[in-house]
Amino acid sequence: MKQVEAGGYEIVHNSDSTDAGTVIINTCGFINDAKQESIDTILGHVRAKQRGDIRDLFVMGCLAERYMDELRNEIPEVSRYFGVNNMNDILSELGLRRRDDLLGDRTITGPGHYAYLKVSEGCDRTCAFCAIPLIRGKCISRTLEEILAEAETLERKGVKELILVAQDLSWYGLDIYRKQALPELVLKLLESTNFEWIRLHYLYPANFPAELIPVIRDNPRVCKYIDIPVQHITDTMLGLMKRSHKRQDTEKLLNTLRKEIPGAVIRTTLIAGHPGETETEYGLLRDFVSSFRFDRLGVFAYSHEEDTYSFLNYNDDIPEDTKQSRVAELMEIQQGISAELNGSYVGKTLKVLIDRRDGEFLVGRTEYDSPEVDQEVLIPVSSGLTPGLFYYIRITKAEEFDLYGVPA
Ligand code: SF4
């Protein structure tokens with residue numbers, strides 16, 4: 001986007017807007033819901049192109065990479081499809097040439113006070129259900145220098161919360177440095193930048209880098225937020241999912257994190273309804289959710305994705321309504337847990353970053369919550385607080401998935 005802007009284009013980042021000479025749709029394609037959303041967005045813009053509102057309609061990203069031939073046949077109205085590695089072709093199509101002097105510069109599409117920084121692309125793990133390595137290939141880490149340079153650019157643009165992302169952050173560095181380099185990366189970021197919050201997203205539970213524990217524990221600027229997708233808990237299911245951790249290792253790691261990093265919240269994601277998840281296996285997962293009491297939880301219904309190991313080797317044997325009812329039941333259990341945990345915040349004062357205004361409220365987050373996926377803190381607009389800044393907020397009321405407060 002930076003390259004396109006530098007070439008003289010004005011970019012409007014709005015997936016509902018169909019009022020533009022050229023529209024580029026960046027797609028997601030790893031599970032059914034994401035694919036459907038991408039296709040609906042493409043079809044909406046095809047209609048706009050047919051009405052003459054759009055001249056050129058380009059589609060890029062994971063869905064295009066994964067289903068290029070099918071899309072060309074089924075939706076030929078799209079002017080051109082690009083996969084995940086064709087950035088230069090997109091520039092050529094727009095009549096531009098890549099400018100190397102802009103590498104590392106970014107156009108931030110969010111509110112500007114937080115930004116994501118991708119430290120690697122692709123994944124070397126072989127989870128049976130997952131299409132991401134098929135689309136993105138094996139892990140390619142960016143160098144420490146490249147990441148630090150981009151982080152410094154983001155800081156200069158006013159970013160206050162840096163969110164490091166990768167398919168698997170704990171793998172970072174193994175390909176280029178032959179070691180897990182995430183702890184070193186975070187320490188270097190702490191040294192060379194002044195982000196108030198650095199947040200880490202997606203740490204695979206096996207081979208968790210032990211040196212990361214003191215980095216999170218001892219540095220107040222690293223969010224006490226550990227996002228560790230365990231996907232399931234029984235050895236049978238973890239085996240069918242071809243995960244490289246077992247129940248005992250997983251519980252040991254989670255308990256160590258709770259003990260060694262006091263006050264940290266632990267977020268996980270789970271898959272309900274993977275092939276082979278009998279009532280017994282599901283019951284064990286439900287018991288685990290009740291007893292471990294994750295601070296944050298996301299649950300996905302299993303999606304049978306072409307060419308994955310699960311697709312090629314198992315029948316999608318759990319009916320869709322059973323998958324959905326398992327998702328709903330797990331989230332209902334979590335709702336109770338979350339209500340209790342949130343209740344304990346009432347009367348306390350928390351540091352909150354205000355994200356936006358929404359009706360009568362200013363909406364913010366604590367270090368324990370990530371944008372879009374976690375809960376928020378709602379503060380009356382009359383408080384006059386400014387989005388993009390940090391404040392101390394006294395929590396006055398708690399709901400299952402939200403907190404309410406006033407300036408302390
Ligand atoms: S670690 Fe994550 S991205 Fe990699 S294969 Fe497993 S689920 Fe997919």
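Which residues in α7 meet which residues in α8? The first view below takes that up, and everything shown comes from a predicted model.

**View 1. Helix α7 packs against helix α8.** From the α7 side, the residues in the contact are L144, I147, L148, A151 and E152, and what they meet in α8 is L185, K188, L189 and S192. By class, that set splits into six nonpolar residues, one polar and two charged. Helix α7 covers residues 144-156 and helix α8 covers residues 182-192. Their axes sit 11 Å apart, at an angle of about 40 degrees. The two helices are therefore oblique to each other, and the crossing of α7 and α8 is right-handed.

**View 2. Helix α12 packs against helix α14.** Here we're looking at residues 279-292 (α12) and residues 320-343 (α14), with axes 9 Å apart and an angle of about 20 degrees between them. Angles under 35 degrees count as roughly parallel, so α12 ends up roughly parallel to α14. As for handedness, the crossing of α12 and α14 is right-handed. Helix α12 brings Y282, R286, V289 and S290 to the contact, while helix α14 supplies R326, E329, L330, I333 and Q334. Sort the residues of this contact by class and you get four nonpolar, two polar and three charged.

**View 3. The ligand and the residues around it.** Which residues surround the ligand? Going along the chain, they're C123, R125, C127, C130, I132, P133, Q167, D168 and Y204. How does this shell divide by class? Six of its residues are nonpolar, one is polar and two are charged. The charged pair is R125 and D168, and the polar residue is Q167.

**View 4. The three domains of the protein.** Stepping back from the close-ups, domain 1 takes in residues 2-101, domain 2 runs over 110-343, and domain 3 spans 349-407. Both helix pairs from the earlier views, α7 with α8 and α12 with α14, fall in the 110-343 stretch of domain 2. How many Å separate the centres of domain 1 and domain 3? Taken over C-alpha atoms, those two centres lie 35 Å apart.

Terms used
Residues are numbered from 1 along each chain as its sequence is written. This is a predicted model: local features need pLDDT of at least 70, side-chain atom pairs count only at pLDDT 80 or more; totals for chains, interfaces and linings use all residues. A residue is near a molecule or strand if its C-beta atom, placed from the backbone, lies within 6 Å of it. Domain bounds come from an automatic or database domain assignment. Axes are lines fitted to C-alpha atoms, for helices over the stretch in contact, and angles run from 0 to 180 degrees between N-to-C directions. Helices (H or I, at least four residues) and strands (E, at least two) are DSSP runs, numbered from the N terminus. Angles under 35 degrees count as roughly parallel, over 145 as roughly antiparallel, 65 to 115 as roughly perpendicular and the rest as oblique. A crossing is left-handed if the near helix is turned anticlockwise from the far one by less than a right angle, and right-handed if clockwise. Two residues are in contact if their C-beta atoms, placed from the backbone, lie within 7 Å.
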